[in-house]
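Work through the following exercises with the chain on screen. Each task is followed by a solution in steps.

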Amino acid sequence: MITEHVRDAAATAFVFGFFATSWFGWAQEAPPKAWRPVLIAGSVLALLTATAGGLLAWSHWSDGTAFDADTSPTFGVVVGIEFGVAAAGAGLLALLRRRELIAPWIALVVGVHLFPVAALIDYPLIHLVAGLVTVVAIAAVPVARARAVAVSAVVGLGTGVVLLGAAVTSLLIALIAY
């Protein structure tokens with residue numbers, strides 16, 4: 001589940017921590033009141049993890065990384081496709097007046113895009129994250145409807161928890177390898 005490079009594990013902690021904060025924030029659109037302390041705590045922990053990961057990545061910036069002349073452009077293409085597909089789907093859902101489905105759509109695109117990212121940088125943990133975020137995205141609508149909870153709350157909490165767990169794991173991997 002580990003990556004070869006401290007910098008990559010630390011940067012992953014930064015990226016996943018940052019985006020976990022975003023998902024916990026999205027979940028706060030209309031969550032049950034009892035969820036608010038959990039969402040706030042998740043946001044704070046994710047922000048702290050992102051900060052620690054960012055500082056550690058910065059301190060190892062000159063070290064090795066999976067990103068090179070071959071992987072960097074491919075990574076850019078994968079992320080570009082992700083943003084394009086996410087935006088197109090979100091725009092279509094907004095036009096169809098199905099805004100409640102935008103959050104799970106974005107989570108689905110994020111989950112699916114992480115599969116090629118994991119293979120590209122050879123970081124097996126990201127395959128697990130990809131699978132879990134994809135499952136959260138697919139399960140969010142039926143779970144939300146069955147429990148009469150906002151879809152954004154379910155997908156935001158689920159995706160936030162997965163990304164926070166991966167961020168903390170990546171940070172620990174970086175610290176142990178350090």
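**Exercise 1. Positive phi in loops**

In which loop does Arg 97 lie? Then characterise its backbone and exposure, and do likewise for Asp 122.

Solution. The model is predicted, local features need pLDDT of at least 70, side-chain atom pairs count only at pLDDT 80 or more, and totals for chains, interfaces and linings use all residues. Residues are numbered from 1 along each chain as its sequence is written, and side-chain values use heavy atoms, with hydrogens and water left out.

Step 1. Arg 97 lies in the loop between H3 and H4. Helices are DSSP runs (H or I, at least four residues), as are strands (E, at least two), numbered from the N terminus.

Step 2. The phi of Arg 97 is near 60 degrees, which is positive although the residue is not glycine. Most residues other than glycine have a negative phi.

Step 3. Arg 97 has a relative accessible area of 74% and is exposed. Here buried means under 20% relative accessible area, exposed over 50% and partly exposed in between (1.4 Å probe, protein chains only).

Step 4. Asp 122 lies in the loop between H4 and H5. Its phi is near 55 degrees, again a positive value in a residue other than glycine. At 57% relative accessibility, Asp 122 counts as exposed.

**Exercise 2. The chain as a whole**

State how many helices and strands there are in the chain, and compare its radius of gyration with the globule rule.

Solution.

Step 1. The chain has six helices and zero strands. From the N terminus on, the order is α-α-α-α-α-α.

Step 2. The radius of gyration is 16 Å, close to the 16 Å that the globule rule gives for 178 residues, so the chain is as compact as a globular protein of that length. The radius is taken over C-alpha atoms, and the rule is 2.2 Å times the number of residues to the power 0.38.

Step 3. Along the principal axes, the C-alpha atoms fill a box of roughly 50 × 35 × 20 Å. Of the 178 residues, 46% count as buried.

Step 4. Take the contacts (heavy atoms within 4.5 Å) between residues at least 6 apart in sequence: 75% of them join residues at least 24 apart.

**Exercise 3. Packing of H4 and H6**

Describe how helix H4 packs with helix H6, and place Pro 104 in that picture.

Solution.

Step 1. H4 (residues 102-121) and H6 (residues 151-177) pack at an angle of about 25 degrees, with axes 8 Å apart. Axes are lines fitted to C-alpha atoms, for helices over the stretch in contact, and angles run from 0 to 180 degrees between N-to-C directions.

Step 2. This angle makes H4 roughly parallel to H6. Angles under 35 degrees count as roughly parallel, over 145 as roughly antiparallel, 65 to 115 as roughly perpendicular and the rest as oblique.

Step 3. H4 contributes Ala 103, Pro 104 and Ala 107 to the contact, and H6 contributes Val 151, Ser 152, Val 155 and Thr 159. By class, there are five nonpolar, two polar and no charged residues. Ala, Val, Leu, Ile, Met, Phe, Trp, Tyr, Cys and Pro count as nonpolar, Asp, Glu, Lys and Arg as charged, and the others, Gly among them, as polar.

Step 4. Pro 104 is found in helix H4 and, at 6% relative accessibility, counts as buried. Not counting residues up to four places away in sequence, Pro 104 touches Ala 137, Val 141, Val 151 and Val 155.

**Exercise 4. The nonpolar core**

Which residues have the most contacts inside the largest nonpolar core?

Solution.

Step 1. The largest nonpolar core has 53 residues, and Phe 16 and Val 129 have the most contacts inside it. Such a core is a set of buried Ala, Val, Leu, Ile, Met, Phe, Trp, Tyr and Cys residues joined through side-chain atoms within 4.5 Å.

Step 2. The elements giving two or more residues to this core are H1 (6-27), H2 (36-59), H3 (71-95), H4, H5 (124-147) and H6. H6 supplies the largest share, twelve residues.

Step 3. Beyond its neighbours within four places in sequence, Val 129 is in contact with Phe 16, Leu 114, Val 162, Leu 163 and Ala 166.
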